Amino acid sequence: MPDFPSCPQCGSDLTYSDGTGLACPECGHEWMPGEASAASEPQVRDSNGNALAQGDTVVVIKDLKVKGSSIPLKQGSVIRNIRLVEGDAEHIEGNSDKIKGLVLKTCFLRKA
């Protein structure tokens, strides 16, 4: 039985060859054998699993209380031109129309 590398996304050892590349049955991640080292850095993903990049626009999916402000961030608020926090795949930085300098968890956002 051939020895395949662990999944770069979830670390599972149950990877298998799907013809041209490798696949993980646990998380569904597919990659080419040479890409495993490049994918080792964490990717920032929204609540639906879509990859986020610098400058994207996101929408808040539930009302959030904002520390230091009396104005809550309402569901449906748009955050434009986000900035990714280096070394942290769970947070982004951005500004809404009324509140500047926000740091938000990606589990409360979806890509617009």
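Reader: How many disulfides does the structure hold?

Author: The structure holds zero disulfides, a disulfide being a pair of cysteine sulfur atoms within 2.5 Å. This is a predicted model, in which local features need pLDDT of at least 70 and side-chain atom pairs count only at pLDDT 80 or more, while totals for chains, interfaces and linings use all residues. Residues are numbered from 1 along each chain as its sequence is written, and side-chain values use heavy atoms, with hydrogens and water left out.

Reader: Why is C27 not bonded to C7?

Author: The closest cysteine sulfur to that of C27 belongs to C7 and lies 3.6 Å away, which is too far for a bond. As for C107, the nearest cysteine sulfur is that of C27, 19 Å away.

Reader: And is C107 buried, partly exposed or exposed?

Author: C107 counts as partly exposed because its relative accessibility is 43%, where buried means under 20% relative accessible area, exposed over 50% and partly exposed in between, with a 1.4 Å probe and protein chains only.

Reader: Switching to the core, which residues touch the most other members?

Author: In the largest nonpolar core, which has 14 residues, they are L73, I79, L102 and L104; such a core is a set of buried Ala, Val, Leu, Ile, Met, Phe, Trp, Tyr and Cys residues joined through side-chain atoms within 4.5 Å.

Reader: What is I79 in contact with?

Author: Leaving aside neighbours within four places in sequence, I79 is in contact (heavy atoms within 4.5 Å) with D56, T57, V58, V60, G94, N95, S96, L102 and L104.
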